[in-house]
Amino acid sequence: MKQTWINEAFNGELPEDFHGGVKWQSPSNIALVKYWGKKEGQLPQNPSVSFTLQNCRTETSVFFEKSDRFGLTFRFDGKPNEAFQQKIERFLMDHLDCLPFLNQLDLHIQSHNTFPHSSGIASSASSMSALVLCLLDIERMAKGQDKVDLTKASFLARLASGSACRSVFPKVALWGATEDLKGSSDEYAVTFYDELAPVFQSYHDSILIVSDAQKEVSSRAGHALMDVNPYAASRYAVARNDTKEILDVLHTGDLERFVQITESEAMQLHALMMCSKPSFTLIQPNTLRIIQNIREFRMETDIPVSFTLDAGPNVHVLYPDQDAEIVERFIMDELERYCHGGHWIADQIGMGPSQMN
Ligand code: PMV
């Protein structure tokens with residue numbers, strides 16, 4: 001597939017006066033079936049499935065002008081950010097074969113997250129997908145085409161940050177080749193939002209910020225530890241089965257199974273971390289307090305609220321729109337006390353990236 005995009009990339013001479021600005025917003029996503037463990041070339045060991053979020057987004061502007069060589073400046077929230085600039089430069093240099101026109105451009109990138117920087121929410125999915133969409137938009141202008149190819153955007157976003165490939169599609173995305181979804185691939189994500197049961201079309205995800213501290217172990221290091229995890233082979237088999245099941249659940253709207261799969265996947269992710277060598281733990285006492293409260297609330301009320309976890313201590317509370325009022329009251333009354341500074345973010349399934357003015 002990569003060769004196709006290399007062949008299709010704009011490779012001509014840009015006009016001397018080629019300049020302008022593009023702006024895209026792209027959201028974060030939350031995995032229901034987790035990607036944890038990868039192969040050479042940032043390819044996943046198992047398929048993963050995620051909801052695309054609505055409110056946790058990155059907004060990125062790229063101003064560009066013709067130059068005799070590639071140049072880049074990067075500002076986050078109006079300030080230069082050396083670490084992020086280097087990450088972007090490395091990514092672009094490694095994949096110039098897919099974006100050769102960059103050799104003729106000076107880029108000035110400005111980026112901003114709609115969620116607080118210190119919320120502990122991983123921003124690489126939203127930021128890398130927003131950046132890639134801006135770059136492909138510039139290429140689109142150079143080629144005189146009318147639309148950005150979202151599959152190519154997903155492919156490039158994956159090379160920047162694995163799970164970012166799932167952020168470019170509306171509502172729900174699957175990344176990883178599986179016989180359970182036609183067209184699926186290890187190289188990019190695909191969406192199947194038109195097959196989503198009505199209850200999931202407006203599903204909620206409230207993100208409870210247990211800690212806003214920087215992660216002790218990066219997800220890069222976490223993925224690497226899966227290479228020597230004694231449970232790796234069985235994890236990948238279970239993840240394949242969970243993928244098959246969640247596809248069915250998302251289609252039928254079976255909330256009882258949705259609760260089971262999402263919570264089991266979250267716990268498996270953290271169990272894998274705990275039995276890695278060296279072992280590490282990202283959940284915190286308040287993560288477990290919240291989990292216990294959610295399970296009790298579900299037992300008492302029969303409301304199908306469930307939780308999932310990212311690679312960190314924060315808890316994503318998942319629930320249908322029809323129960324939003326009562327669940328949000330429960331969060332305020334019972335769970336907010338376990339959040340850092342009482343902080344949580346009300347989010348829900350969203351429509352994916354869009355171009356901004
Ligand atoms: O995309 P990465 O390398 O940051 O890994 C993401 C890993 C998890 O967030 C834990 C799971 C997932 O599928 O998003």
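# Worked exercises: strands, ligand shell and backbone

L208 sits opposite W344 of β13. The model is predicted: local features need pLDDT of at least 70, side-chain atom pairs count only at pLDDT 80 or more, and totals for chains, interfaces and linings use all residues. Residues are numbered from 1 along each chain as its sequence is written, and side-chain values use heavy atoms, with hydrogens and water left out.

**Exercise 1. What is the strand order of the open sheet of four strands, and which strands stand at its edges?**

Step 1. Fix the terms. Strands (E, at least two residues) and helices (H or I, at least four) are DSSP runs, numbered from the N terminus. Two strands pair if DSSP finds at least two bridges between them.

Step 2. Read the order. It is β11-β12-β10-β13, with antiparallel pairing.

Step 3. Find the edges. β11 (306-309) and β13 (344-348) each have a single partner strand, so one side of each has no neighbour in the sheet.

Step 4. Add the twist. On average, neighbouring strands of this sheet are turned by 25 degrees against each other, direction ignored. Axes here are lines fitted to C-alpha atoms (for helices, over the stretch in contact), and angles run from 0 to 180 degrees between N-to-C directions.

Step 5. Return to the opening pair. β10 (residues 204-208) and β13 run antiparallel, joined by five bridges.

**Exercise 2. Which side chains of β7 are buried, and in which sense does β7 pair with β4 and with β5?**

Step 1. Set the cut-offs. Buried means under 20% relative accessible area, exposed over 50%, and partly exposed in between (1.4 Å probe, protein chains only).

Step 2. Walk along β7 (residues 105-113). L105, L107, I109, S111 and N113 point to one face and are buried. D106, H108, Q110 and H112 point to the other face and are not.

Step 3. Take the pairings in turn. Nine bridges link β7 to β4 (residues 48-66) in the antiparallel sense. β5 (residues 71-76) runs parallel to β7, with six bridges. Both senses occur in general: strands of a sheet pair through backbone hydrogen bonds, either parallel or antiparallel.

Step 4. Name bridge partners. L105 of β7 faces K66. I109 of β7 is the bridge partner of F74.

Step 5. Look at F76, in β5. F76 has a relative accessible area of 14%, so F76 counts as buried. Between F76 and I109 the C-alpha distance is 8.4 Å, over a sequence separation of 33 residues.

**Exercise 3. Is K66 buried or exposed, and what does its side chain reach?**

Step 1. Locate K66: strand β4.

Step 2. Check accessibility. The value is 17%, so K66 is buried.

Step 3. List polar contacts (N or O pairs within 3.5 Å; within protein, one atom must be able to donate a hydrogen and the other to accept it, and residues adjacent in sequence count only if both atoms are side-chain atoms). The side chains of K66 and E13 meet at 2.8 Å. The K66 side chain also lies 3.1 Å from the backbone oxygen of L14.

Step 4. Try S185 in the loop between β8 (172-175) and β9 (189-191). S185 is buried at 10%. A polar atom of its side chain is 2.8 Å from the backbone nitrogen of E187.

**Exercise 4. How many residues surround the ligand, and how much of its accessible area does the protein cover?**

Step 1. Count the shell, taking residues with a heavy atom within 4 Å. There are 13, and the closest are Y35, S163, R166, S219 and H223.

Step 2. Sort by class. Five are nonpolar, five polar and three charged.

Step 3. Read the distances from polar side-chain atoms to a ligand oxygen. For S163 the distance is 2.7 Å. For R166 it is 2.7 Å. For S219 it is 3.0 Å. The protein covers 90% of the 380 Å² of accessible area that the ligand has on its own, by the Shrake-Rupley method with a 1.4 Å probe.

**Exercise 5. Where do P278, D77 and K171 lie?**

Step 1. Recall the baseline. Most residues other than glycine have a negative phi, and most peptide bonds are trans.

Step 2. Take P278, in the loop between α8 (255-274) and α9 (285-301). K277 and P278 share a cis peptide bond, with omega about 0 degrees.

Step 3. Take D77, in the loop between β5 and β6 (79-80). Phi of D77 is positive, near 50 degrees. D77 is partly exposed at 41%.

Step 4. Take K171, in the loop between α4 (150-160) and β8. Phi of K171 is positive too, near 65 degrees. K171 is buried at 13%.

Conventions
Ala, Val, Leu, Ile, Met, Phe, Trp, Tyr, Cys and Pro count as nonpolar, Asp, Glu, Lys and Arg as charged, and the others, Gly among them, as polar.
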